[in-house]
Amino acid sequence: MSTVELQANEAEIVARSLVAIVDIGSNGIRFSVSSTASHHARIMPCVFKDRLGISLFDAQLDKGSVSSISTRKPIPQEAITEICLAMKRFQLICEDFGVPNDNVKIVATEATREAPNSKEFRNAIAKTTGWEVELLSKEDEGRCGAFGVASSFHNISGIFMDVGGGSTQLSWVSTVNGDVRLAEYPISLPYGAAALTQRLLYEDEREVYEEVRQAYELALEKIKIPTELIEEAEKNGGFNLYTCGGGFRGVGHLLLHEDPNYPIQTIINGYTTGFKKVELLANYLLLKKEVPNFSEGSPKIFRVSERRKQQLPAVGLLMSAAFQVLPKIRTVSFSEGGVREGVLYSRISPSIRSEDPLLTATRPYAPLLSEQYRKLLLGALPEEVPSEITQTIVPALCNIAFVHCSYPKELQPTAALHMATSGIIAGTHGLSHKVRALIGLACCERWGFDLPESEEVFYGKLEKLVFQSDPNDGERLLYWTKYCGKIMFVICGVHPGGNIRPGVIDFNVIPRAEANKTNTAVQVGMSANDVKSSYTVKNRIASLQRKIKKLNKSYKGKDRVVVEVEYRMS
């Protein structure tokens, strides 16, 4: 199907592909309607979201009783009535959107699983709506959480932890070509944020800590981390830890609040930071039993409610105990994906799951001949350029090279810089903060990098983000990202109409050894007297040479390039 046909029929295609998910969790109930149409299923665009703030875990507690967690009360009738009313409202919303009845799925987790009147509760929902509630087992809950985390990044490999209200899950996880691999039996432990908070009111903290530590030690043995993941971690200096659940998201927002200069404050999904920083915060929460006061003035922390604040010390205990027995962790990544996203992601075919979310998000904006732009840009890149640049940043940059062409000239670089943080693709599910920063920097350079002082500060913050997210390769990724943007500034200046005319401009890469020089040479070939090689185009190329020289001065790597111009006689 062509792009034109897709645009004409998109409303109809999406309407047939809508899926409604209800996640009945311990701390709340989440409702959503999302599209699984094949052209954008990888990023699971959501057309409706809502949340009912009823904690089924709290509703089953006998406040003031030491044994309230082990001997729970039935879910109160008033809570069941309120939830059934919310379900009925959601059913009407699904009808308004035209969601097929077969595309509605309701899942329930720990709080419903452990409720004495679980069957009566689920029957009440079925009687009200006609929808059956699927009660997830402990293992299935862990699998859904792992799939939710997998949906939140392009490729992952490491350890997975989910901290909900009533329970926590542990597994290893990796994705290869859309195939999500995880432990055969993910482990579920009864140490959710709400559960631990309740226990710590009545039990000795040291004893609870030791119990959690021993439970994680046993769980780690049971999940049986594959040898290839262990070898990969040894090579990289530790495992990547992928997290989800309200407890971890609270910690993530706390870390962002601690660093007001961090440039992406409003998107928790895809945030990655060093393990030491997370460990220090976990230990602080454990020892001080309160949320740190990072700054004087307003005590408000974005996306951290008062109820969540009260639970964070318990989350700190859980993390501190788990970190005692987990293998060496290098980075911690935070995910918005959970059971709801996992249920949806598991319905998508592996071929679609294997797509790069950035390419899926930018594809609707691609010019008709974007592939020709990509080939021309790749012609200016040496072989040693990182695959993350050639396979992700380059095609995405070509897809969105002309999105801002109708903007005022002085706005174009700024709007491009923010496109993945608050612009046209900011809402894309599955992008890491590093990728958001890299595509913003590349697009800004594509439009000439002419920024006011305040935006230059933001540009610098995005650079720092990349360094922090990827200490090993961050500098190199930044160099080639900026280089690609600067080359595209020339290419799009020569070919501004979405069409590549042959013979006007080309690139020839001469390796260092062949050129007998320190740096790889990139020759820009162009006609000496062609009308398309006018002063404007020549000026852009001269500017490119100056910009690359300046870029080289700030780059310590050995794979730098120099730009040479070769004029051809027509």
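**Notes on helix packing, rings and a few odd backbone spots**

1. K289 sits in the loop that runs between α11 (275-288) and α12 (306-325). Keep in mind that this is a predicted model. The backbone at K289 caught my eye: phi is near 60 degrees, a positive value in a residue that isn't glycine. With a relative accessible area of 48%, K289 comes out as partly exposed, since the exposed class takes over 50%.

2. K224 tells a similar backbone story. Its phi is near 55 degrees, again positive in a residue other than glycine. You'll find K224 in the loop between α8 (205-223) and α9 (227-236). Buried or exposed, then, for K224? K224 is exposed, at a relative accessible area of 64%.

3. On to helix packing, starting with α6 and α13. The axes of α6 (residues 138-151) and α13 (residues 339-346) come within 7 Å of each other, crossing at roughly 80 degrees. α6 is therefore roughly perpendicular to α13, because crossing angles of 65 to 115 degrees fall in that class. On the α6 side, the contact uses E141, C144, F147, G148, A150 and S151; α13 brings V339, E341, G342, V343, Y345 and S346. Sorted by type, the residues of this contact are six nonpolar, four polar and two charged.

4. How many of the eight residues of α13 are buried? Seven are, so α13 is largely enclosed by the rest of the structure. The buried ones are V339, R340, E341, G342, V343, L344 and Y345. Note that the list takes in R340 and E341. Y345 also has a charge for company: R353 lies over the face of its ring, 5.6 Å from the ring centre.

5. The other helix pair to look at is α10 with α11. The axis of α10 (residues 246-258) and that of α11 come within 11 Å and cross at roughly 105 degrees. These two helices are therefore roughly perpendicular to each other as well. V251, L254, L255 and E258 make the contact from α10, and K277, V278, L281 and L285 make it from α11. By type, this contact has six nonpolar, no polar and two charged residues.

6. Now the rings. There are 14 aromatic pairs in the structure. In one of them, F153 and Y242 have ring centres 5.4 Å apart and planes at 70 degrees, so the pair is edge-to-face. The two rings come from distant parts of the chain, 89 residues apart: F153 belongs to the loop between α6 and β6 (157-163), while Y242 is in strand β10 (residues 239-244). F153 counts as buried at 6% relative accessibility, and Y242 does too, at 7%.

7. Y479 and Y555 form another aromatic pair, this one stacked, with 4.1 Å from centre to centre and 15 degrees between the planes. This pair also links distant parts of the chain, 76 residues apart. Y479 is in helix α21 (residues 474-494), and Y555 is in the loop between α23 (535-553) and β15 (561-568). What is the relative accessibility of Y479? It is 2%, so Y479 counts as buried. Y555 is buried as well, at 6%.

8. If you want a multi-ring example, try F31, F48, F90, F97 and W131, which ring pairs join into a cluster. For another charge over a ring, go to F402: the charged end of R446 sits over that ring, 5.5 Å from its centre.

9. Last, D470. Where is it? D470 is in the loop between α20 (453-469) and α21. Despite being an acidic side chain, D470 counts as buried, with a relative accessibility of 11%; the cut-off for buried is under 20%. Leaving out neighbours within four places in sequence, D470 is in contact with K434 and L477. The C-alpha atoms of D470 and R330 are separated by 10 Å, and these two residues are 140 residues apart along the chain.

Key:
Residues numbered from 1 in each chain as written. Heavy atoms only, no water. Axes fitted to C-alpha atoms, helices over the stretch in contact; angles between N-to-C directions. Helix = DSSP H or I, 4+ residues; strand = E, 2+ residues; numbered from the N terminus. Parallel < 35°, antiparallel > 145°, perpendicular 65-115°, else oblique. Contact = heavy atoms within 4.5 Å. Nonpolar A, V, L, I, M, F, W, Y, C, P; charged D, E, K, R; others polar. Phe/Tyr/Trp six-rings, centres within 6.5 Å; stacked < 30°, edge-to-face > 60°. Buried < 20%, exposed > 50% of the residue type's maximum accessible area, 1.4 Å probe, protein only. Lys NZ or Arg CZ within 6 Å of the ring centre and 35° of its normal.
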